[in-house]
Amino acid sequence: MADTGDDRVYYVISDLHIGGDEQLEELPFREELLAFLERLETTDENAELVINGDAFGLWEITHTDGIEKFDLLEETYPELFEQLRATGEQIPITLLPGNHDHELAAYDAYVDRFAAYNVDLVQEQSTTRPLGDRVIHFEHGNQQDPNNRIEDWGSPHASPLGYYYNTLVTSRAGRVSDRGRYNWLKDVQAVTPTEWMPIWLASKYFYREMNPLLRYALVPFLLLFNISAILAIFAGLDLAGIWSEPVDDATAFLGQFGIAGTAVWYLLAVNIAVAGLLLLVGVPVYFLRRDIKRTINRFGILETDLTVDPATPYETAARNVFEQRPDTAVFCYGHTHRPELRQVDGRALVNSGTWLKRLHRRDGVTGLLPPVFYPSYQLCTVRIAAVDGDITVDHQAIEKPSPSGEELTLTERLLTLGRTPNPELPEGTVLEDAVAERQQPEH
């Protein structure tokens, strides 16, 4: 692409994950995406839209192969493709493959199919764009993630660890999600980090799938467990004749309330008995577990790539790009689903986030209740532009109402009162004209 001058403005989005088996076909941000594309269609700016990977969830489409997946996408989302065509007639649209849609780099036929909708598919791991005298580096970011790195880029047989997870787990979740009491399993893609998956499943089972009578019967016990554990210790001290005052005071206090106090006392007694038993078993198990963990750590058995650092690899990659090409001002990526913007060595490191739902973990305030995963949307686009020789980089929010009202049970809402997440996009940054500074002679 030829240099288009200082007035080019770049809009960047990524990680839409459009498509998938059955329930994953749902596009909850359809209206917002169409409105965003319509806005770009009518903009007066000299703009370009860069879709920086994982626009489509091709890994999650398991009942067809190759270019036939494009036919399925066309049939499922005709409004989206027609809007891409209309927007692409007015401004350039560039699409890079990510890991979930790596197949876009594996079949040349995709290039022509997207070109029919005025979308330029770049079948490379990264690309650059000029911005005045500087350069923007775009890459999806999966190549910095050992679980999703494509060793043989462009091969239709590329299958990193993440491929198996998404074809076997995520796609399966899309096929069975509607069998639940509530259609929640399709949100599996929003669970990050992946290590939270067992906790999320336990949480949704407790709050959504468990028989309501059983859940309401367990809630008092679980809420009172911490109190019962303390009372169990006091009861042990009382039985041993060491300290009886706490038990005597509790008995006298509850005795003031007659039958209600007696009922509470019996409830506490049951809780105390169970808590005491768990403490007797739990204390030695805790020390045994800690000792086993220390031994394992000494041998380094668990030092694997299963837990991925969402920040350090990208800063390292950005520094490498900045060193290899000093005129690079912005390193723009996605993949982690975390909007980010910070300066590294006077340049910008920016993540374009995701259009998927985001789940915020809120641990129980007391007892053994499972954590609540509070849903929200944080739709955004990154805008990169040159202004008077400087470069501005900022996230622009695209409003979408929180789905918490319809997705959280009454119990979950009560447990998160006063702890509702309020995710905020990073503040914008301005890169001053560093090119001029680099051209100054050294003294």
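Here is a walk through this structure, starting with how far to trust it and moving on to a sheet, a helix and a few single residues.

What you're looking at is a predicted model, so confidence comes first. The protein's mean pLDDT is 87, with 86% of its residues at 70 or more. Residues 301-306 are another story: their pLDDT is below 50, and the stretch has 8 contacts in the model beyond near neighbours in sequence. Residues 435-443 also stay under 50 in pLDDT, and there the model has 7 contacts beyond four places in sequence.

Now for the sheet. It's an open one made of 7 strands, and if you trace across it you meet them in the order 4-3-2-1-12-13-14, with mixed pairing. At the edges sit strand 4 (120-121) and strand 14 (429-431), each of which pairs on one side only. Strands of a sheet pair through backbone hydrogen bonds, and they can do so parallel or antiparallel. For a parallel example, find strand 2 (residues 46-52) and strand 3 (residues 93-96), which are joined by 4 bridges. Look there for L49, which stands opposite I93 in strand 3.

Next, head to helix 11, which covers residues 312-324. Its 13 residues reach 18 Å from first C-alpha to last, close to the 18 Å expected at 1.5 Å a residue. Which of its residues are buried? They are Y314, A317, A318, V321 and F322. These five span an arc of only 135° around the axis, so they end up on the same side of helix 11. The spacing makes sense in general terms: an α-helix has 3.6 residues a turn, so residues three or four places apart point the same way. And what covers that buried side? The cover includes strand 6 (134-139), strand 7 (328-333), strand 8 (340-344) and strand 9 (347-351). Swing round to the face turned away from the buried side and you'll find E323 and Q324, both exposed.

A few single residues round off the tour. T262 lies in helix 10, which runs over residues 258-299. Is T262 buried or exposed? Neither, quite: its relative accessibility is 40%, so T262 counts as partly exposed. T262 and T251 are 11 residues apart in sequence, while their C-alpha atoms are 9.2 Å apart in space.

Finally, have a look at two cysteines. C332 has 0% relative accessibility, so it counts as buried. C380 is buried too, given its relative accessible area of 0%. A disulfide is a covalent bond between the sulfur atoms of two cysteines, and this structure holds 0 disulfides.

Technical notes:
Residues numbered from 1 in each chain as written. Predicted model: local features only at pLDDT ≥ 70, side-chain atom pairs only at ≥ 80, totals over all residues. Heavy atoms only, no water. Helix = DSSP H or I, 4+ residues; strand = E, 2+ residues; numbered from the N terminus. Expected span 1.5 Å × (residues − 1). Buried < 20%, exposed > 50% of the residue type's maximum accessible area, 1.4 Å probe, protein only. Arc of directions from axis to C-beta. Contact = heavy atoms within 4.5 Å. Disulfide = S-S within 2.5 Å. pLDDT = per-residue confidence, 0-100. Pairing = 2+ DSSP bridges.
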